[in-house]
Every structure is written in C-alpha cells, then in structure tokens.
Amino acid sequence: MRGRQGTARSTARPSGRGRHPAVGRLCLVAALGLGPVLPAQQALAVVEDSAPAYAFAADAQRVEGAPSTADAVELEPGRTYRSTLPAAGRVYYRLELDDTATAYASATAVPPPGRTVSVADGVKVTVEDADGRSCDVDTANFGAPGSPRPVAAWAMREISPRRSLCAEAGTYYMTVERAAPDARDASPDPWEMELTTVSEPALETAGPTRAPDAWNSATPAPVQGQAQRRPGGAGFAQATPLGEGVWRDDIRPGQSLFYQVPVDWGRQLHATAELGSSGTDASGYVASALDLDLYNPVRGHVEDLGIGYDGGQKAKALKPLPPVAYENRHASGRQVTAMRFAGAYYLVAHLSAEVAEKFGDGPVPLTLRVRQSGEVRDGPGYAGRAVPSDVFTVAGGGGGTADAGEGGADGDTLYRVLAAGGIGTGSALVVGLGLWTVVARRRAAV
C-alpha cells in the first residue's frame, strides 16, 4: 500500500504485491553432499545468498539521521546521500528552503535480502515545518505477501496558490521512519537508505491553476516486434535507459531491475510487462510474482502493476496515465499529480523470491513494451534553474528553463531521439549503449 497525505488530503493504493522471502542457507549443504535438500529449500537458499545488492549512487555522501531536529544534518538540493534507517523510531534531516521554490525529498529504503518483511511495513517520509506541522506525507509498503526489495517514498514542500501552509522561507525537516516496525514478520534489522532532494523553481508567469479537463485514457496496443536485449540496472543511479520499443532481460527471484524512460512535456507513457514461460516442468502459482513500479523524475511513485505467475507467459499493462504537464499537479488523483514534470521516469521490476519455491531459482524471461504518444510541447517557463539543473529536462538543458542550453550535445541528442520515438534497432543500440552509460552516470552525479 502507498499512502499520501497533505494538509487536507489523503490517498492510498491497495496492498496486493509482495512475496515471501527466501529462508535458510542450505545450498552449501547440498553442494558438499552433507545431506538431502528439498528442491524448494535449495532454491530459497540460493535466492537468499545470491540476490543482487542495490546499487547506491557512487557519489552518495554518507550522513547520519538524527533522533532530534536539534541535531539534524542539512541535505542540499541536487545531491544524493546514503544513510541508515533504524528498526524503530524516526530520523530527521534538515532542509533550508526559500519562499519561491518547491522542494521534493525522497527516501529509497533497502531492506537486507534474505530477511522477512511485513506486508504492512515499508518506509514513510514526511516534510515538516519548524513548528512540527506536516507539509506532506507519503508511505510505501511492501504489500502482500511481503518480499524484501527497494521501495521509495517522497514528500514535498509545495509552493502553490492552492496551499498557504509551509509557504514561508526557513528551516524544514525531512523525517524518515518505518511504516510498521511492530507488524508481524517485520524485519528487526536496520535498513540502508538512499536520499535525494530536488528544488523546482517558480514560473516566470502564473500558469493554469486547474488540471486538464480531459486526456486520452485509452490503452493503446502494445508495441510489437523483436525484443532487443537490455539488461536492467541495480538501482536508480544505474537505471538502464529505454526508448520506445520492445526490451528483454532475465530476472531472478528476489531481484529488482531498474530502467529509465525519458518522457518530454506533452508525451504520454505506456508500458506493458510480460513474464515468459519458465521452461520447467514445475507447477504451482504465485499470486504476486512480478511487481512493476513507475516512479517520476524525483522518485515519486506514480503507478504499479502486479502479475500472477503459473509458469506460463503472463502480461499486464500499466493503467493509462495522462500526458506530462505542469498543471497535472492541480489534480486530485495521486497518479495524475505525479505526472507533473518532464524528465527520466523509472520502471522498477521486482520478481518475488517465492517464485523460486515453485519454479526454481533460475531466471525468468522479462519483456517490457514501452510506447509513447502525444506531441512534444514547450515546458512551463521556469523563472530559474532546477537543482539538479537537468532533472526536469529531456535534452539540451531545456524543458522550459529560463537559461536553457547548458546540457551537453553528446548524450542529450540521443536522449531526445529516444524520448521522441525510440530507436528500435539493434545496430543503434550497439552504437549508443556506451554513450548512454556515460550520460546516465553523469546525470546521477549532478
């Protein structure tokens, strides 16, 4: 379940995804011939011992969260931090904000693999003012039946004509805590975290104060064609760029794969996830085998889907989302408000560790079909520069900033091509893969 609360609003999504984690370390016993091991037990042990670790940003600065606001360390916009979330209690970080820019704060919680996690547990992020009043709250839960994986929650201090609370310049606090540390099967361990903060400038001139009245909510046919191999990254900072097309990878039980899709102003993103047949004689059913989450450029959750798996091919599409538009922030629905700026949107796929119990610990084919529709539009016309400078842009440092043109021509040109229509050919991927890696790392380091 994911919930968002502001001063006068509250939304949530139903919990329905998550998996039983792997338990036991019996694969060594089997390898040494010290005793019989049941196939399911062996599969679970392999999942626990070999689950890929989350790839934190290479330039993330280590900071310690404080148990009191008096000792809270400052988080600067545009930087990435690494910290630890205790098993109980909240930790504080300080934000120094002016009275013009909207600030976004995100925490990605990474529970250790091979541990139990509760259905209700997860991470909760709050932004508060100096008087302890809540500006915004978001909670990300693992969902039933619980599988340890990275989950991200975001909260904001928004400057808006619709909201008077938290509009003053001054000291604010980002607080992070476990969603349900006392719940049954909750992990007793501290979790590692990746923290990011982003600053969005005000507009040069006042823009619309209402969300778009209508948009195309029809689900288009999935992209067809031969899938191109594209290995996923192990974290937000290493997310593999995707354009429009059909992309293939293999995902192991307990693994999370990260991709980023450039979505420009006015463009509408569509994505379908497919699990291929297992290729084994095993039988069974995992109700929540694959979880696919969509995050926006500030790591704010937008939408998700879950796929059950019985060893045969299964497919499901994300619910239709509106075109990217600044005025989406004035909508009442969380999915719509999250589509408020251009930039890199993230697709995060997680395969339940429970799949190993039914179908073995081998990888399962994963296919992502990505399509974009709609015409590219001009950005909203910011009065200043976002921090980091390219977070709400797709190419060339543009996207409506007052002093566009800072972005380099090497990777940004390719970024624009992928956003506009995708490349869809293996040869172009070979040429651009190395350049994409450089661009992705450069953006993560800003």
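R94 counts as partly exposed at 24% relative accessibility, where partly exposed covers the range between buried, under 20% relative accessible area, and exposed, over 50% (1.4 Å probe, protein chains only). Its partner in a salt bridge is E74, with 3.7 Å between the closest N and O atoms; a salt bridge here needs a side-chain nitrogen of Lys or Arg within 4 Å of a carboxyl oxygen of Asp or Glu. Because R94 sits in strand β6 (residues 91-97) and E74 in strand β4 (residues 73-74), the pair ties together parts that are 20 residues apart in sequence. E74 is partly exposed as well, with a relative accessible area of 31%.

A word on what you are looking at: this is a predicted model, in which local features need pLDDT of at least 70 and side-chain atom pairs count only at pLDDT 80 or more, while totals for chains, interfaces and linings use all residues. Residues are numbered from 1 along each chain as its sequence is written, and side-chain values use heavy atoms, with hydrogens and water left out.

Now step back to the whole chain. Its secondary structure comes to six helices and 22 strands, taken as DSSP runs numbered from the N terminus (helices are H or I with at least four residues, strands are E with at least two). Of the 446 residues, 54% count as buried. The accessible surface is about 17500 Å², and carbon and sulfur atoms hold 51% of that surface; the areas come from the Shrake-Rupley method with a 1.4 Å probe, and for residues only the protein chains shown count as cover. Among contacts (heavy atoms within 4.5 Å) with a separation of 6 or more, residues 24 or more positions apart account for 73%.

Where do the nonpolar residues gather? The largest nonpolar core has 51 residues, and those with the most contacts inside it are L275, L290, Y345, L347 and F392. Strand β18 gives the largest share of this core, five residues. Apart from it lies another core of 29 residues, including Y93, L95, A107 and C135. Such a core is a set of buried Ala, Val, Leu, Ile, Met, Phe, Trp, Tyr and Cys residues joined through side-chain atoms within 4.5 Å. In soluble globular proteins, nonpolar side chains tend to be buried together.

Strand β18 also leads us to a sheet. Five strands form an open sheet in the order β14-β16-β21-β18-β19, with mixed pairing; two strands pair if DSSP finds at least two bridges between them. The edges are β14 (240-241) and β19, each with a single partner strand, so one side of each is left without a neighbour in the sheet. Strands β18 and β19 run antiparallel and are joined by seven bridges. One of the residues met in the core, L290, has I307 in β19 as its bridge partner. Between these two strands, β18 (286-295) and β19 (301-309), the loop holds R299. R299 has a positive phi of about 65° although it is not a glycine, and at 9% relative accessibility R299 counts as buried.

C166 offers another such case, with a positive phi near 65° in a residue other than glycine. This cysteine is joined to C135 by a disulfide, S to S 2.0 Å, a disulfide being a pair of cysteine sulfur atoms within 2.5 Å. The structure holds one disulfide. Because C135 lies in strand β9 (residues 134-141) and C166 in the loop between β10 and β11, the pair ties together parts that are 31 residues apart in sequence. The torsion about the S-S bond is about -90°, so the disulfide is left-handed. Both C135 and C166 are buried.

The loop between β10 and β11 also holds E158, whose salt-bridge partner R340 lies in the loop between α3 (334-337) and β21 (343-351), 182 residues apart. Their side chains meet at 3.3 Å, N to O. Are these two charged residues buried or exposed? R340 is buried at 2% relative accessibility, and E158 is buried at 4%.

In total, a search of the whole structure finds 21 salt bridges. Among them is the pair D250 and R229, at 3.2 Å, N to O. Salt bridges also link R62, R82 and E192 in a network.

One last backbone feature is a cis peptide bond joining V387 and P388, with omega about 0°. P388 is found in the loop between β22 (364-373) and α5 (409-420).
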